[in-house]
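Got the model open in your viewer? Keep the selection box handy and follow along, one stop at a time.

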Amino acid sequence: MTTGPNDLTDRDRSVVWHPYAPMPATMPVVPVVSAQGASLTLADGRVVVDGMSSWWAAIHGYRHPVLDAAVRDQIADMSHVMFGGLTHGPAVELAELLVEITPDGLQHVFFSDSGSVAVEVAIKMAIQYWAGRGRPDRHRLLTVRSGYHGDTLAAMSVCDPVTGMHQMFSAVLPQQLFGPQPSPVFGAEFDRTHTAALEQLLDEHRDEIAAVILEPIVQGAGGMRFYSPAYLAAVRALCDEHDVLLIADEIATGFGRSGKLFGCEHAGIAPDIMCVGKAMTGGYVSMAATLCTSEVAEGVSKAESGALMHGPTYMGNPLAAAVSLASIRLLLAQPWRAGIGRIEARLVQGLGSARALPNVADIRVLGAIGVVETVEALPMAAMQAVCLEHGVWLRPFGRLVYTMPPYVTTDQEVDRICAALVDTVTRVAPVSA
Ligand SMILES: *Cc1c(COP(=O)(O)O)cnc(C)c1O
């Protein structure tokens with residue numbers, strides 16, 4: 001059997017389903033043979049800078065010697081054991097470290113296998129907490145538009161109703177409550193009118209709401225928006241006033257991406273429940289975690305079942321825990337704030353020239369995230385082709401062309417990503433044209 005690049009893409013097309021794609025696929029896929037630092041080596045020999053960090057995850061880049069060693073060392077001990085009734089050093093140490101570095105009050109850690117599952121667990125925690133307090137009627141969630149929380153059913157029920165395709169699944173999705181998208185944008189002046197609609201929903205539905213769930217400061221896949229920390233602080237205060245739990249989904253924002261270790265730190269708030277994932281393992285394997293306060297844990301454990309009703313087969317996986325520990329320690333041992341500040345400044349500089357382009361609606365940068373929002377949607381395949389010409393891997397969608405490069409990306413590599421992004425928006429004709 002041959003393994004040339006064309007052969008592989010043909011075989012892929014006949015058997016493998018890709019994210020958000022039909023079968024057989026209509027979009028080309030690009031075979032990768034290896035990765036190193038911030039770059040991917042493609043099967044045809046090209047080396048491209050990964051401007052996506054493999055969807056926010058590979059913060060230290062690829063084949064980092066410290067992370068590679070952590071996985072190898074752990075394999076020599078054990079790759080996996082069940083977590084029901086057993087425990088091990090990597091899981092305990094990781095839980096302790098997460099409690100130490102996350103906002104105050106988060107004391108307990110539930111491990112799971114992916115971000116979506118961590119969100120499911122957070123939702124179950126909130127519902128079981130209210131059951132434990134004798135209020136099983138409080139089982140709905142209140143969220144904001146333009147959010148993204150994952151692809152499983154309960155997680156999808158709190159994604160933006162339009163981009164989350166609620167229409168298609170309306171018969172099976174729990175019906176949640178939606179406030180407007182958070183405002184004002186990051187850096188603009190907040191006043192009480194910005195949370196008025198959310199406050200009204202809390203007033204009207206307080207007897208059925210278990211929790212408010214949102215992404216702190218950065219809304220990721222639902223719109224790549226950055227909003228005011230004062231808005232988040234106001235939501236925290238409203239949750240307290242209405243005795244409603246606050247779930248912070250830090251799966252995209254966690255581990256430095258927005259310039260703070262966690263998005264909540266921009267507002268100086270602590271949620272009652274918090275989800276982390278994506279970058280936790282440094283992009284090596286899938287693992288996520290849901291943290292909660294002692295009050296939430298006590299409430300859950302008072303419920304009829306007396307236990308949190310969840311338990312993934314690969315819960316607490318030692319390989320994933322060991323590489324997470326190595327990744328978080330590696331991050332904290334370096335001047336990561338300065339490193340992300342460096343990328344931020346370079347993105348601001350590199351994307352600025354797009355501002356004058358007719359199809360550009362907005363350019364925004366926060367931490368190691370750069371976004372160019374266009375007026376009209378651009379076709380993804382044409383955009384990716386232009387990026388690859390520049391030796392850059394990006395996956396823009398619709399009106400959003402964006403990058404969140406690995407923290408190890410050099411100035412020259414950031415410049416290359418920016419040049420690709422600006423050229424894409426310059427050259428690619430809108431879908432409607
Ligand atoms: C990616 C993401 C998820 C889902 O994580 P998966 O690991 O893909 O299931 C949930 N919430 C946010 C904010 C995310 O960015």
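Helices (H or I, at least four residues) and strands (E, at least two) are DSSP runs, numbered from the N terminus. Switch to cartoon view, and by that count you have 14 helices and 16 strands in the protein. Its radius of gyration, taken over C-alpha atoms, is 22 Å, close to the 22 Å that the globule rule (2.2 Å times the number of residues to the power 0.38) gives for 433 residues, so the protein is as compact as a globular protein of that length.

Before you zoom in, some housekeeping: this is a predicted model, where local features need pLDDT of at least 70 and side-chain atom pairs count only at pLDDT 80 or more, while totals for chains, interfaces and linings use all residues. Residues are numbered from 1 along each chain as its sequence is written, and side-chain values use heavy atoms, with hydrogens and water left out.

**Whole protein**

Along the principal axes, the C-alpha atoms fill a box of roughly 60 × 55 × 45 Å. Turn on the surface: about 18,200 Å² is accessible (Shrake-Rupley method, 1.4 Å probe; for residues, only the protein chains shown count as cover), and 57% of that belongs to carbon and sulfur atoms. Of the 433 residues, 53% count as buried, meaning under 20% relative accessible area, with exposed over 50% and partly exposed in between (1.4 Å probe, protein chains only).

**The ligand**

Now select everything near the ligand, that is, residues with a heavy atom within 4 Å of it. You should get S114, G115, S116, Y148, H149, G150, E215, D249, I251, A252 and K278. This shell divides into 3 nonpolar, 5 polar and 3 charged residues. For that split, Ala, Val, Leu, Ile, Met, Phe, Trp, Tyr, Cys and Pro are nonpolar, Asp, Glu, Lys and Arg are charged, and the others, Gly among them, are polar.

Which ligand atoms should you look at around S116? A polar side-chain atom of S116 sits 2.6 Å from a ligand oxygen. A side-chain N or O atom of K278 also lies 2.6 Å from an oxygen atom of the ligand, and a backbone N or O atom of G115 is 2.8 Å from a ligand oxygen. The protein covers 83% of the 380 Å² of accessible area that the ligand has on its own.

**D160**

Next, pick D160, in the loop between α6 (153–157) and α7 (166–169). Is D160 buried or exposed? At 7% relative accessibility, it counts as buried. The D160 side chain reaches the backbone nitrogen of S146 at 2.6 Å, which is a polar contact: N or O atoms within 3.5 Å, where within protein one must be able to donate a hydrogen and the other to accept it, and residues adjacent in sequence count only if both atoms are side-chain atoms.

**E199**

From D160, go 39 residues along the chain to E199; their C-alpha atoms are separated by 19 Å. E199 lies in helix α8 (residues 196–205). Leaving aside neighbours within four places in sequence, E199 is in contact (heavy atoms within 4.5 Å) with R192, L238, E241 and H242.

**H266 and S327**

H266 is in the loop between β10 (245–249) and β11 (273–276). Show its side chain with that of S258: the two make a polar contact at 2.9 Å.

Last stop: S327, in helix α11 (residues 318–332). S327 counts as buried, at 1% relative accessibility. Beyond four places in sequence, S327 touches residues including I59, H60, L67 and M280.
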